[in-house]
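Visitor: I am new to this structure and would like a close look at a single part. Please take one pair of packed helices and go through how the two are arranged.

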Amino acid sequence: MVYVDANVFLRFILNDNKEMADYAEILLNNHEAFLLHEVIAEMVYVLNSVYNIKRKDISNELTKLLAYTETDDKAVIIQALKDYSQTKLDFVDCILLSYSMVQNIEIATFDKKLVNKIKAKKQ
């Protein structure tokens, strides 16, 4: 298993450097890549803020990527990506929301948007 940095996955998703994208594809096809939550958050940030890719498209691409990688709490990340595509919450808040829903973990926050989403989903 190889812990993979965001820039490797970004080259694959964006396909803006063939050699690097090919290397990432080999890792993915061999199911050798481990995807940290922090790396997912970085990719979401870069794809949205640097490349202006829409939330729904980011969610779709990263959800597809998860099929070829290992990660902790895959169900949490899949739900977080879904919530990211359907809300205006930032991605880290979507992860917290997802932990609250998927694993029934209590979240302490002063963020009113996040509190309201958690309450709405629990009803």
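**The packing of H1 and H4**

Guide: Helices H1 and H4 are roughly perpendicular to each other, because angles of 65 to 115 degrees count as such (under 35 is roughly parallel, over 145 roughly antiparallel, and the rest oblique). This is a predicted model, in which local features need pLDDT of at least 70 and side-chain atom pairs count only at pLDDT 80 or more, while totals for chains, interfaces and linings use all residues. Residues are numbered from 1 along each chain as its sequence is written, and side-chain values use heavy atoms, with hydrogens and water left out.

Two packed helices are described by the angle between their axes and the distance between the axes. For helix H1, residues 6–14, and H4, that angle is about 115° and the axes lie 12 Å apart; the axes are lines fitted to C-alpha atoms over the stretch in contact, and angles run from 0 to 180 degrees between N-to-C directions. Helices here are DSSP runs (H or I, at least four residues), numbered from the N terminus.

The crossing of H1 and H4 is right-handed, meaning that the near helix is turned clockwise from the far one by less than a right angle. Phe-9, Phe-12 and Ile-13 on the H1 side meet Glu-61, Leu-62 and Leu-65 on the H4 side, where contact means heavy atoms within 4.5 Å. Of these residues, 5 are nonpolar, none is polar and 1 is charged, with Leu, Ile and Phe among those counted as nonpolar and Glu among the charged.

Methods: Helices (H or I, at least four residues) and strands (E, at least two) are DSSP runs, numbered from the N terminus.
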